[in-house]
Amino acid sequence: MLLIYPPANNFGEAMAIAIEVRNLKKTFRTHTREAGLLEAFKSLLFRKYKTVTALDKVSFKADEGEILGLIGPNGAGKSTLIKAMCGTLFPTSGTINCLGFEPWRQRIKYVKNIGVVFGPKPLLWWDIPAIDTFEFLREVYEIPEKDFKKRLNRMIEILGIENVTKTPVRDLSLGERMKCNLVCALLHNPKLVFLDEPTIGVDIIAKERIRKFIRDLNREEGTTFVITTHDMSDIENLCKRIVIINKGAIVYDGLLSKIKQKYIKTKHLNVKFSEPHKKFTLNGCKIESENEYELTIEANLKKIQIGDVTTYLLKNFKVADITITDPPIEEVIKEIYKK
Amino acid sequence: MSFELGAAKLGIKEAAVWKFDMLVWIIISLVSLGTYYLLWTAVYGFSGQGVIAGYSLRELITYFVLSEIVQTLTWTSIIMDLSQKIRRGTLITQLARPINFLYYHFWMNFGSRGLQFLIYCIPMVLIGALLFGMKFTGWTNLALFSASAGLAMVLNFALSAFIALGAFWLTSYHGIRWAYMGLFSIFSGFIFPLTFFPQFWQKVFSFLPFQYIIFVPVQTYLGKYGIFGALGNMLIQIVWIIILMTAISFIWRRAMKSFTAPGG
Ligand SMILES: Nc1ncnc2c1ncn2[C@@H]1O[C@H](COP(=O)(O)OP(=O)(O)OP(=O)(O)O)[C@@H](O)[C@H]1O
Ligand SMILES: [Mg+2]
């Protein structure tokens, strides 16, 4: 089963498109109600309805073999978008094409090819051990016994859940359940995988293992992933490209590396001196902290180039070391969310 | 067949978790059997009649034991389960799998019913026969009864699934479930035979699907219909199943369009 699909970085060939979303719109009708008993009673008789637009004019594409990060603040519409792409939510308007299917029209045929994790929603039967769910999924997806054993053992080993799978699911911790959810989503070796907050409640070591497993699967099998998460290190570790969504609309679609270029207007310089330094002043630079042997500067790239700052430093000071860093990705994302 | 078997196995495993509940169910049934016996013995004694509404005391006891058994066999959790999955939004976890949820649920339920039936049926029949004089009405009737009870199982699932679909449009579904269960226990003949009702009501019931779930199979066992009458009833059961399944598949498609998959 190795390398049936073109691997992610096989730039030589034209890559097939796994997902194409065009002008997608989804509105919900919910009723609103003030707090209080009287209001509760009133709402029985007169319901006030309000329309929420969860997604509006959303268009994007994902190539086969890509790991796409989908990020945005709470209530942005990420989960709604994932549900629509899985064929479980009927869009108000617009079209989706995944793997050549129209998800909600051809649901059963389509979902054979995908795997999904819906955040903390349990994918497992609650009162029995997870292994029983896995056995049932083997029948559902008609997985050959040999492949089933091989994949299951591999995932059990990577996730370290040997004993976990034999305990009734209701007795498991959140993180343990999330690991079993991940197994449910990947057991049938789907071509396209949607992971809505797959690392919620998972510890650091397991997070790293999950990420490595996702990368391996992507490389070996060419599996396409769409991942939403609030943990930026998930994104930095997995995704080349991200789509940022805010208030139901896409606000950024492009390479993760480019987002820094586009939005980062400052860089930080940490300078160490071999002798106590004299006063530093330069147009476009702000001193963030300093002591006799050390100085931290924030350079405003609109006003000055980074090369000019270092040249100035080297010329006028006895410099022992310079480190230049971008502000953390969280800072950038925060700026975008605030807009 | 392996998908169906897999679903049934899940049902058995899940049902086996509730060993204590099963025990309670058996004890309650046996206690109500005893109460029923005492009550009707007194009624027959006071009235001085050997036959009331066409039933001898032994027939009535037999009726009660069998109605308990058929109820155990046909019972389904689909209303509770589906309404809960809709409200909590966890239905999407099943929709994201290549299965027909109702079809899966039928087979899962089939497994759990099978287990329950085995565990429950033996003590009921033994105690009914040894202590309370339950009747054996012959192999033909038993065979006809089995077929009719099997169809009743499918019919009750279809009817319950049909009712359950309402949860797609109504958020609080408990009231409807209780109302349905109350109506069901009377209209199906679970509490007492429908022949106790006036002619007019019996006519009304015969146009509804409920009596084909408990009353008709049990009457079949008691030999009240004869072979052709029993086969005719099975035909009606099949017609009801087809009508309900057609309605379900139509409504299900509409429900999928309006389902908002809340939560997450
Ligand atoms: N079934 C529903 N009924 C009504 N409104 C809904 C429903 N599902 C989502 N919404 C609304 O749509 C918006 C988008 O919700 P969604 O769950 O997609 O957000 P999200 O980006 O996944 O957020 P989070 O990061 O918190 O998971 C929210 O304002 C939410 O209240
Ligand atoms: Mg979400």
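These notebook entries record what I looked up in a predicted model, first in chain A and then in chain B.

**Entry 1. Chain A overall**

I began with the extent of chain A. Its C-alpha atoms fill a box of roughly 75 × 60 × 45 Å along the principal axes. I noted 11 helices and 13 strands in chain A. Of its 339 residues, 49% count as buried. I then looked up how the contacts of chain A are spread along the sequence. Among contacts with a separation of 6 or more, 69% join residues 24 or more positions apart.

**Entry 2. Helix α4 of chain A**

I turned to helix α4 of chain A, residues 130-140, and asked how many of its residues are buried. The count is 9 of 11, and the helix is mostly covered. The buried residues are A:Ala130, A:Asp132, A:Thr133, A:Phe134, A:Phe136, A:Leu137, A:Arg138, A:Glu139 and A:Val140. I next looked up what covers them. The cover includes α5 (145-159) and α6 (174-186) of chain A, and also α1 (2-17) and α6 of chain B. After α4(A) comes A:Glu142, for which I recorded a positive phi, near 50°.

**Entry 3. Helices α6 and α7 of chain B**

I moved to chain B and to the packing of α6 (residues 101-132) on α7 (residues 139-164). The angle between these helices is about 130°, and their axes are 11 Å apart. I therefore entered α6(B) as oblique to α7(B). The crossing of this pair is right-handed. On the α6(B) side I listed B:Leu102, B:His105, B:Phe106, B:Phe110 and B:Arg113. These meet B:Met153, B:Val154, B:Phe157 and B:Ala161 of α7(B). By class, I noted 7 nonpolar residues in this contact, with 1 polar and 1 charged.

**Entry 4. Helices α7 and α11 of chain B**

I then followed α7(B) to its contact with helix α11 of chain B, residues 226-258. Here the axes come within 9 Å and cross at roughly 20°. An angle under 35 degrees counts as roughly parallel, so I entered α7(B) as roughly parallel to α11(B). The crossing is left-handed. Among the α7(B) residues in this contact I noted B:Leu144, B:Leu151, B:Leu155, B:Leu159 and B:Phe162. Their counterparts in α11(B) include B:Leu231, B:Met234, B:Trp240, B:Ile241 and B:Ile248. B:Val154 and B:Ala161 of α7(B) are listed in this contact, and I found both in the contact with α6(B) as well. Which classes make up the contact of α7(B) with α11(B)? I recorded 21 nonpolar and 3 polar residues, and no charged ones.

**Entry 5. B:Pro209**

I looked up B:Pro209, which lies in the loop between α9 (199-206) and α10 (215-221) of chain B. Is B:Pro209 buried or exposed? Its relative accessible area is 6%, so B:Pro209 is buried. Leaving aside residues up to four places away in sequence, I found B:Pro209 touching B:Leu155, B:Leu159 and B:Trp240. These three residues are also in the contact of α7(B) with α11(B). B:Leu159 is 50 residues from B:Pro209 along the chain, with 8.0 Å between their C-alpha atoms.

**Entry 6. B:Ser29 and B:Arg177**

I placed B:Ser29 in helix α2 of chain B, residues 19-47. B:Ser29 counts as buried because its relative accessibility is 3%. Which side chain does the side chain of B:Ser29 meet in a polar contact? I found that of B:Tyr120, at 2.7 Å. Beyond four places in sequence, B:Ser29 touches B:Glu68 and B:Met124 as well as B:Tyr120.

I next looked up B:Arg177, in helix α8 (residues 174-187) of chain B. B:Arg177 has 14% relative accessibility and therefore counts as buried. Again leaving out residues up to four places away, I noted that B:Arg177 touches B:Ile79 and B:Met80. B:Arg177 is 148 residues from B:Ser29 in sequence, and their C-alpha atoms are 22 Å apart.

**Entry 7. B:Val51**

I closed with B:Val51, in strand β1 (residues 51-52) of chain B. At 49% relative accessibility, B:Val51 counts as partly exposed; the cut-off for exposed is over 50%. I also recorded a C-alpha separation of 14 Å between B:Val51 and B:Pro193, which are 142 residues apart along the chain.

Conventions
Residues numbered from 1 in each chain as written. Chains lettered and ligands numbered in written order. Predicted model: local features only at pLDDT ≥ 70, side-chain atom pairs only at ≥ 80, totals over all residues. Heavy atoms only, no water. Axes fitted to C-alpha atoms, helices over the stretch in contact; angles between N-to-C directions. Helix = DSSP H or I, 4+ residues; strand = E, 2+ residues; numbered from the N terminus. Parallel < 35°, antiparallel > 145°, perpendicular 65-115°, else oblique. Left-handed = near helix turned anticlockwise from the far one by under 90°. Contact = heavy atoms within 4.5 Å. Nonpolar A, V, L, I, M, F, W, Y, C, P; charged D, E, K, R; others polar. Buried < 20%, exposed > 50% of the residue type's maximum accessible area, 1.4 Å probe, protein only. Polar contact = N/O pair within 3.5 Å; in protein donor to acceptor, adjacent residues only side chain to side chain.
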